[in-house]
Amino acid sequence: MANESKPEVAVVMGSSSDWETMKRACDILDQFGVAYHKQVISAHRTPELMADFAHNARKNGLKVIIAGAGGAAHLPGMIAAQTTLPVIGVPVRSHALSGWDSLLSIVQMPGGIPVATTAVGNSGATNAGLLAVQMLSAFDESLAQKLEDYRNSLKEKVAESNAQLV
């Protein structure tokens with residue numbers, strides 16, 4: 001979808017190599033019909049761009065930011081330090097430490113600057129998309145209903161799986 005006209009969510013990542021993981025968040029946003037903007041922003045290589053993005057996010061109509069990063073994984077925390085919008089951090093699996101470095105970097109934010117942190121990798125990106133939808137659904141009844149339907153479909157899949165075992 002990546003509807004650029006009125007995105008409510010930004011999906012940003014530190015490098016294009018993070019896209020393999022972060023596309024899972026976009027897939028969820030597409031599934032729920034949530035407009036989003038996606039962009040590569042590096043906390044280390046483009047700090048001015050990152051600061052400009054964070055400082056103007058609310059003014060630009062964003063409501064939630066999903067930020068994925070691997071390795072040192074400073075992007076989610078540095079964005080959170082420069083905006084009061086909710087930031088969801090996705091630790092991207094790294095080669096050196098399988099994403100543990102990313103997870104610890106994102107989750108260990110100092111008190112006062114929160115980053116909601118998901119699991120490492122693909123399931124974390126999926127859950128980041130769902131968490132963004134949940135946040136938006138607090139103010140959007142049609143989105144809340146879509147979430148209810150989604151959860152019911154998960155229950156049905158479990159029942160079907162169980163029936164196959166019996």
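The following conversation concerns the strands, helices and selected side chains of a predicted model.

Student: What kind of model is this, and which residues count for local features?

Tutor: The model is predicted: local features need pLDDT of at least 70, side-chain atom pairs count only at pLDDT 80 or more, and totals for chains, interfaces and linings use all residues. Residues are numbered from 1 along each chain as its sequence is written, and side-chain values use heavy atoms, with hydrogens and water left out.

Student: In what order do the strands of the sheet stand?

Tutor: The open sheet has 5 strands in the order β2-β1-β3-β4-β5, with parallel pairing. Strands (E, at least two residues) and helices (H or I, at least four) are DSSP runs numbered from the N terminus, and two strands pair if DSSP finds at least two bridges between them.

Student: Which strands are at the edges?

Tutor: They are β2 (36–40) and β5 (116–117), each of which pairs on one side only.

Student: How many bridges join β3 to β4?

Tutor: There are 5 bridges between β3 (residues 64–69) and β4 (residues 87–91). Isoleucine 66 stands opposite isoleucine 88 in β4.

Student: Which strands does helix α1 lie across?

Tutor: Helix α1 (residues 19–32) lies across β1 (9–13), β2, β3 and β4, and runs at about 170° to β1. Axes are lines fitted to C-alpha atoms, for helices over the stretch in contact (heavy atoms within 4.5 Å); angles run from 0 to 180 degrees between N-to-C directions.

Student: Changing topic, how many salt bridges are there?

Tutor: A search of the whole structure finds 2, a salt bridge being a side-chain nitrogen of Lys or Arg within 4 Å of a carboxyl oxygen of Asp or Glu. One of them joins lysine 63 and glutamate 8 at 2.9 Å, N to O. That pair links distant parts of the chain, 55 residues apart: lysine 63 is in the loop between α2 (47–56) and β3, and glutamate 8 is in the segment before β1.

Student: And where is the pair of lysine 23 and glutamate 20?

Tutor: Both are in helix α1, 3 residues apart, and are therefore separated by about one helical turn. Their side chains meet in a salt bridge at 3.4 Å, N to O.

Student: Is serine 42 buried or exposed?

Tutor: Serine 42 is buried because its relative accessible area is 6%; buried means under 20%, exposed over 50%, and partly exposed in between (1.4 Å probe, protein chains only).

Student: What is serine 42 in contact with?

Tutor: Leaving aside neighbours within four places in sequence, serine 42 is in contact with Gly14, Pro47 and Met50. The C-alpha atoms of serine 42 and glycine 14 are separated by 4.4 Å.
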